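The following exercises ask the reader to derive structural statements from a set of coordinates. Each task is followed by a solution that proceeds step by step.

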Amino acid sequence: MADLSLPGQAGLTEGENLTDGLAEPAEPPAPVVAVVGRPNVGKSTLVNRILGSRQAVVEDTPGVTRDRVAYDATWRGRSFTLVDTGGWDPAAERSKDLAARVAAQARVAVDAADAVLLVVDAVVGVTDADAAVAAVLRRSRKPVVLAANKVDDAPGEPAIASLWSLGLGEPQAVSALHGRGSGDLLDAVLDALPATPR
């Protein structure tokens, strides 16, 4: 068998490759989607809907989700990392209580994300906290998908019109609880993700 080595190389025999025995090249990192919004808008319920299983903790009590929690998700064959965050109120960041720490965690998640999924309660409409979060997201220059949650049926859809005022583009009507509109929402999330994670 012929020796295919170059000067200074260990001998390679025919059929061997320079990469034989080396580790496979690492997969590029999956893009990251941060799920943010004020407390009790259904962020963790939406995360569970996207994952297709109950992994995120869901309670009616505000403040249950305190830290960032990352989950592996896939939609239409594309993998991404979904980061669930606690309720975010930018005004709380100025205080030193639990709400401030939760808000700081949400801001860190946004800074590390490739795209952001802002969840608002379409039934309640735009609150001051929603408007404040939207202002922070507009300044971040990250791609943002606006999820108008709790639109459980067609008669609830007109309620999302007021969400255009947030300046984040078209609100995506969704019911995290029942799954209504979740496929269209995920299509919008994939469209917002860059081809290559930052």
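**Exercise 1. A bridge partner and its strands**

Task: Identify the residue of E4 that stands opposite Val35, and establish how the strands concerned are paired.

Solution. The model is a predicted one.
Step 1. Val35 stands opposite Leu117 in E4.
Step 2. A second register point is available: the bridge partner of Val36 in E4 is Leu118.
Step 3. E1 and E4, the latter spanning residues 115-121, pair in the parallel sense over 4 bridges.
Step 4. E1 also pairs with E3 (residues 78-84), again in the parallel sense and over 4 bridges. In E3, Leu82 is the bridge partner of Val33.

**Exercise 2. The place of E1 in the sheet**

Task: Determine the order of the strands in the sheet and name the edge strands.

Solution.
Step 1. The sheet is open, has 6 strands and follows the order E2-E3-E1-E4-E5-E6, with mixed pairing.
Step 2. E2 (69-75) and E6 (172-173) are the edge strands, since each pairs on one side only.
Step 3. Helix H4 (residues 182-192) packs on this sheet and touches E1, E2, E3, E4, E5 and E6. The direction of H4 makes about 165° with that of E5.
Step 4. Helix H1 (residues 43-51) lies across E1, E2, E3, E4 and E5 (144-149), and runs at about 160° to E3.

**Exercise 3. Burial of E1**

Task: Are the residues of E1 buried or exposed, and which of them point one way from the strand?

Solution.
Step 1. The criterion for a buried residue is a relative accessible area under 20%.
Step 2. In E1 (residues 32-36), 5 of the 5 residues are buried, so the strand is largely enclosed by the rest of the structure.
Step 3. Val32, Ala34 and Val36 point one way, while Val33 and Val35 point the other way. Both groups are buried.

**Exercise 4. A polar neighbour of E1**

Task: Locate Asp114, decide whether Asp114 is buried or exposed, and find which backbone atom lies 2.8 Å from a polar atom of the Asp114 side chain.

Solution.
Step 1. Asp114 is found in the loop that lies between helix H2 (98-112) and E4.
Step 2. Its relative accessibility is 5%, so Asp114 counts as buried.
Step 3. The atom sought is the backbone nitrogen of Val32, 2.8 Å from a polar atom of the side chain of Asp114.

**Exercise 5. Helix H3 and the loops beside it**

Task: Compare the span of H3 with the expected value, list the buried residues of H3, and describe the loops on either side of the helix.

Solution.
Step 1. H3 (residues 128-140) contains 13 residues. From first C-alpha to last, H3 reaches 19 Å, close to the 18 Å expected at 1.5 Å a residue.
Step 2. The buried residues of H3 are Ala129, Asp130, Val133, Ala134, Ala135, Val136 and Leu137.
Step 3. To read such a list, one uses helical periodicity: an α-helix has 3.6 residues a turn, so residues three or four places apart point the same way.
Step 4. The loop between E4 and H3 contains Val124. Val124 has a relative accessible area of 51% and is therefore exposed. The C-alpha atoms of Val124 and Asn149 are 10.0 Å apart, although the two residues are separated by 25 residues along the chain.
Step 5. After H3 comes Arg141, which is found in the loop between H3 and E5. With a relative accessible area of 75%, Arg141 is exposed.

**Exercise 6. Positive phi angles**

Task: What is phi of Arg76 and of Arg141, and where is Arg76 found?

Solution.
Step 1. Phi of Arg76 is near 50°, a positive value in a residue other than glycine.
Step 2. Arg76 is found in the loop between E2 and E3, and is exposed, with a relative accessible area of 63%.
Step 3. Phi of Arg141 is near 60°, which is likewise positive in a residue other than glycine.

**Exercise 7. The chain as a whole**

Task: State the sequence of elements, the buried fraction and the share of long-separation contacts.

Solution.
Step 1. The chain has 4 helices and 6 strands, running β-α-β-β-α-β-α-β-β-α from the N terminus on.
Step 2. Of its 198 residues, 42% count as buried.
Step 3. Among contacts with a separation of 6 or more, 66% involve residues 24 or more positions apart.
Step 4. The chain exposes about 10800 Å², of which carbon and sulfur atoms supply 52%.

How values were computed: Residues are numbered from 1 along each chain as its sequence is written. This is a predicted model: local features need pLDDT of at least 70, side-chain atom pairs count only at pLDDT 80 or more; totals for chains, interfaces and linings use all residues. Side-chain values use heavy atoms; hydrogens and water are left out. Buried means under 20% relative accessible area, exposed over 50%, partly exposed in between (1.4 Å probe, protein chains only). Helices (H or I, at least four residues) and strands (E, at least two) are DSSP runs, numbered from the N terminus. Two strands pair if DSSP finds at least two bridges between them. The expected span of a helix is 1.5 Å times one less than its number of residues. Contact means heavy atoms within 4.5 Å. Accessible areas come from the Shrake-Rupley method with a 1.4 Å probe; for residues, only the protein chains shown count as cover. A polar contact is a pair of N or O atoms within 3.5 Å; within protein, one must be able to donate a hydrogen and the other to accept it, and residues adjacent in sequence count only if both atoms are side-chain atoms. Axes are lines fitted to C-alpha atoms, for helices over the stretch in contact, and angles run from 0 to 180 degrees between N-to-C directions.
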